[in-house]
Amino acid sequence: MNRVNKFVAALVLMPVLALNNMLSAQTNQSMENKVNTIFNQLTLEQKIGQMTQIASTNGDEVPQYVIDAIKEGRVGSILNAGTPKAIEKIQKIVAKESPNKIPLIIGRDVIHGYKTIFPIPLGQAASWNRKLVETGANIAGKEAYDEGINWTFAPMIDISRDPRWGRIAESLGEDPYLTAELGTAMVVGFQGNELSSEKGRIAACAKHFIGYGATENGKDYNAVSIPDYQLWNTYLPPFKAALDAGVGTFMTAFNDINGIPASANQFLLKEVLREKWNFDGFVVSDWESMSQMINQGYSENLRDVALQSASAQLDMEMVSSAYQKHLKELVESGEIDIEIVNTAVKNILRVKVALGLFEQEYNGVPKDTEILSATHKAEAKKMAIESLVLLKNENILPLKIKNQKIGIVGPLADAPAEQVGTWSLDAVIDEVVTPFNAFQEAFGDQIVFAQGLENARSNKTDQIQATVDAMKGVKDVIVFAGEDAILSGEGHSRAFINLPGAQEALIDALAEADKNIILVVQAGRPLTLGTIEDKVNAILYAWHPGTMGGPAILDVITGKVTPSGKLPVTFPRTLGQVPIYYSSIESGRPANPQMLGIPTGTPLDPVGLTNNYLDVSVTPAYAFGYGLSYTSFSISKPKLSNTELVKGEKISVTVEVKNTGKYEGAEVVQLYIHDKVASYMRPKLELKGFEKVYLAPGESKKVTFEIGDDQLSFFDKNGNVLLEKGKFEIFVGNASDNLASEIITLKDIK
């Protein structure tokens, strides 16, 4: 387009943009008018009621304490409100008998599916597929919406770099950029492009604000220390991305950050979230995270809790009762400005209005619901397939099954309740298709099944020999090992992250019997597999794959589809390496991965000492971004549109990706940068872009990334953006340890 045409196009576009801005302003003003109309009817007690969330119970009946709270205007939200029948009753009591007829926002942990369960979020992150992640959240939201739920506590976008921590399963991994991209996809999946009254849309919640994944020792609810510089560059960016995507709510973390609990942290909640980022949704505490500040030694009593959290502008209290018991007296005494309460209530009402709760009818589950429909299951299977990561393959996969017997072994081969993973509160276990179900349906009598162990944590070995005997005449054995669902998730940290129970003994026995072993690991975290890695022919990491995990694993193992998952988190060789992550800061004495051991009697000589272990390689077992395929790909050396740029300019980085193998497949092309010299030490590598490319054998495609201010800048310790001149190394490849690079220069930006 020439300059004249660009100018004409701009003139044509200007009235359209002006009209859109005007309509948006009118919509916002209309919403604020409605919020103010509702707000002006409320007494102080009723305002505090809107700031209060209580928990109900499962089942069809509504507890009397819930009914009383509704009738007295003492509640604005209910957590775990029960069945659709109970939710219908609750909302009708609100409409008929509450003081101001303000609908309740009904919260539920809809984390990776509602009744159709998708892989755990860490598994979804392994897909590196924004669209699939968005679709999964959309389906989960629709199913929940149809049963009366209008608010979910997802996505969890805590950066998670310690596999001991149970909630790493609920995270999107170790990297800020990948987490931001996929967290944004989840927000859009639940809400659309903004909070709206569209059927099937529910409010999302960005959690946990902030630093929960940095908990010391990998223990849940533990202390957190994060330097300001790292806070801005590592932990805050995914939350800012969720806010930019229109997320309606935030949730505070259980932990402190540098000595100040998240639920009373004025710097984070007031200065960053409200003043710097202009967030106008509402902030909810986590379950009793406010009252637990007493245990943390930060608050003397519930009155103190209410004062501290309200002063930090925390809008809604989950389950505990500090606001309900003490906020009124704090306002009346002048210790809390009434405007803090007013603002909080308007934030909450704004979300309720945007969701269309005042116009919504509650008449039970609609007849046209797609809960657990064939379409939803098909999408869950797609996601499960793309979440599978092939870690090892010694020419055994894909497994060509003709007339031979195939062994299916292991405590997780036919364990539907374990397959759905953590935070699957509403999973319909009878709908879960296990690997054993899938293989038996496909191959019938060719399948020889033996559980091997009583369960995944059993230390009893009495079934192992019988299992080996059952595999007599069977050469290829698929072993389903890993963790049962309860070993990961909230409050479920592990001090050791190897295979639990006697699973290693089972694998040892099969290896000694000279079987070809295909190990399929179902787990909520990275596990250390070093003791058995050399005893198996292939390793397929399946996470906890959800409702359709069985058919997904069948299709990948038999070669109907090619695995394309990539690790969203680094796998350690041993627990002693933890935390290990790809984007660490380089040492002044960089490690020599070849240096292991030291002869007895070696004299101390500081010359040549490096950032090493003596007893294990400093390299990971499997690197961030790693994952094998049945086909092969070539990625050309990156080609730059320019090698120099100044502030405001962009350069393009182009590679050609070619499928050089014999199977259809997908490759994840990954872009990283390294700022070679900066005023603050920068990570060795930082992910700044990725694209998943699907190619037929022999097919090629060009992939282009743009690099400009956003990719080259970073934050100082005060959250100010720094864009510094100098050299940057640009890397492109298919894993963080398999990259080609070029150098660019950011020239003087003055």
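The dialogue below goes through the pockets, one helix residue and one strand of this structure.

Me: What kind of model is this, and how are the residues numbered?
Reply: This is a predicted model, in which local features need pLDDT of at least 70 and side-chain atom pairs count only at pLDDT 80 or more, while totals for chains, interfaces and linings use all residues. Residues are numbered from 1 along each chain as its sequence is written, and side-chain values use heavy atoms, with hydrogens and water left out.

Me: What counts as a pocket, and what volume does the largest pocket have?
Reply: On a 1 Å grid over the protein atoms alone, a pocket is an open set of points where a 1.4 Å probe fits, with protein on both sides within 12 Å along at least five of seven lines, and lining residues have an atom within 4 Å of a point. A volume is the space filled by probe spheres set on the points, which are joined across faces, edges and corners. Here the largest pocket has a volume of about 1000 Å³, and the second largest has about 860 Å³.

Me: Which residues lie nearest the centre of the largest pocket?
Reply: Of its 36 lining residues, Trp 232, Asn 233, Pro 237, Lys 688 and Phe 715 lie nearest the centre. The elements giving two or more residues to this lining are α7 (176-191), α8 (228-235), α9 (237-244), β22 (686-695), α21 (709-712) and β24 (714-715); helices (H or I, at least four residues) and strands (E, at least two) are DSSP runs numbered from the N terminus.

Me: How do the linings divide into nonpolar, polar and charged residues?
Reply: Ala, Val, Leu, Ile, Met, Phe, Trp, Tyr, Cys and Pro count as nonpolar, Asp, Glu, Lys and Arg as charged, and the others, Gly among them, as polar. The lining of the largest pocket has 18 nonpolar, eight polar and ten charged residues, whereas that of the second largest has 16 nonpolar, seven polar and three charged.

Me: Is Ala 374 buried or exposed?
Reply: Buried means under 20% relative accessible area and exposed over 50%, with partly exposed in between (1.4 Å probe, protein chains only). Ala 374, in helix α14 (residues 374-387), is exposed, with a relative accessible area of 66%.

Me: Which strands pair with β26?
Reply: Two strands pair if DSSP finds at least two bridges between them. Strand β21 (residues 665-675) pairs with β26 in the antiparallel sense over six bridges, and His 674 has Glu 729 of β26 as its bridge partner. Strand β27 (residues 738-746) is also antiparallel to β26, over nine bridges, with Phe 728 opposite Ile 744. Of the ten residues of β26 (residues 726-735), eight are buried.
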